[in-house]
Amino acid sequence: MLGSPCLLWLLAVTFSLVLRAQPLDPEYSEEEKEDETPWSPLPAVFCDYDRCRHLQVPCKELQEASPRACLCPGLSSPGQPPAPPRLGEVHVVAEVGSAVVHWCAPSSPVHQYWLLLWEGSGAPQKGPPLNSTVRRAELKGLKPGSAYVVCVVAANAAGESNVTAVGGARGEGPEGAGGPAFGPCGRLAMPPRPLSLVHAAVGVSTALALLSCGALVWHFCLRQRCGCPRRARPTAGL
């Protein structure tokens, strides 16, 4: 029969292909299994982003520039006004009547900041707008011996952060600024201006003059009380 040799030839070819597809060397099969080990990606790290750092580059730009994937802190929705910033250190320079205010960014998208300053119960003074990378600003023209309330306001396209609920600072002046810790507002007390060098020199000169006058008065009083020996007049020669 012609079909039998063809069937045997097909079986032989199939068997040879199966043998070639399955290697007989066990070492080769083990190496192949090691090569098939699944690849594990590198663990993600946080971007070098600090909410309190002055002139901090936005975290999204850090992600785009970083050669390695990094994570950014979570932010609220851009369609909501930002949360209040956190007021930090306030460094007072009494000699020139100024103060440097630091703050930390909220967990919200921010387009700009500005400062509000109250003196007494009057209307607040609004500072110039600052871009979203700024975390420090200077207040000038502060009066020695005066008390102020300073607040940091953050704003985006949806609105601005709220400061009325934090101590009731608006419209109430320093008396209503006792809000919770780590809020956007804080008290600022300017110490009396220290004496200048001219005033100190005048004071020292006045004290020396008074001491000199006192010493002279004491000397004359002592001379009047105890008496002064008189010199004997020389006798005329004969």
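Helices here are DSSP runs of at least four residues, numbered from the N terminus. With that in hand, a look at this predicted model can start at helix α4, which covers residues 197-226 and is where V204 is found. V204 doesn't act alone at the surface: together with L208 and L211, V204 makes a nonpolar patch of about 310 Å².

Next comes a sheet. Strands of a sheet pair through backbone hydrogen bonds, and the pairing can be either parallel or antiparallel. In this model, 3 strands line up in the order β3-β4-β8 to form an open sheet, and their pairing is antiparallel. The edges belong to β3 (86-93) and β8 (136-139), each of which pairs on one side only. On average, neighbouring strands of this sheet are turned by 20 degrees against each other, if direction is ignored.

Zooming in on one pair of strands, β3 meets strand β4 (residues 98-104) in the antiparallel sense, and 6 bridges link the two. Within β4, W103 is the residue that stands opposite L87.

Finally, there is a loop residue to look at. S161 sits in the loop that runs between β10 (159-160) and β11 (185-189). Is S161 buried or exposed? Its relative accessible area is 2%, and since buried means under 20%, S161 counts as buried because of that value. As for the company S161 keeps, setting aside its neighbours within four places in sequence, S161 is in contact with P82, A83, P84 and P85, and also with V152, V153 and A154.

Note on methods: Residues are numbered from 1 along each chain as its sequence is written. This is a predicted model: local features need pLDDT of at least 70, side-chain atom pairs count only at pLDDT 80 or more; totals for chains, interfaces and linings use all residues. Side-chain values use heavy atoms; hydrogens and water are left out. Patches are made of residues with over 30% relative accessible area and no salt bridge: like charges are joined within 9 Å, nonpolar side chains (Val, Leu, Ile, Met, Phe, Trp, Tyr) within 5 Å. Accessible areas come from the Shrake-Rupley method with a 1.4 Å probe; for residues, only the protein chains shown count as cover. A salt bridge is a side-chain nitrogen of Lys or Arg within 4 Å of a carboxyl oxygen of Asp or Glu. Two strands pair if DSSP finds at least two bridges between them. Axes are lines fitted to C-alpha atoms, for helices over the stretch in contact, and angles run from 0 to 180 degrees between N-to-C directions. Buried means under 20% relative accessible area, exposed over 50%, partly exposed in between (1.4 Å probe, protein chains only). Contact means heavy atoms within 4.5 Å.
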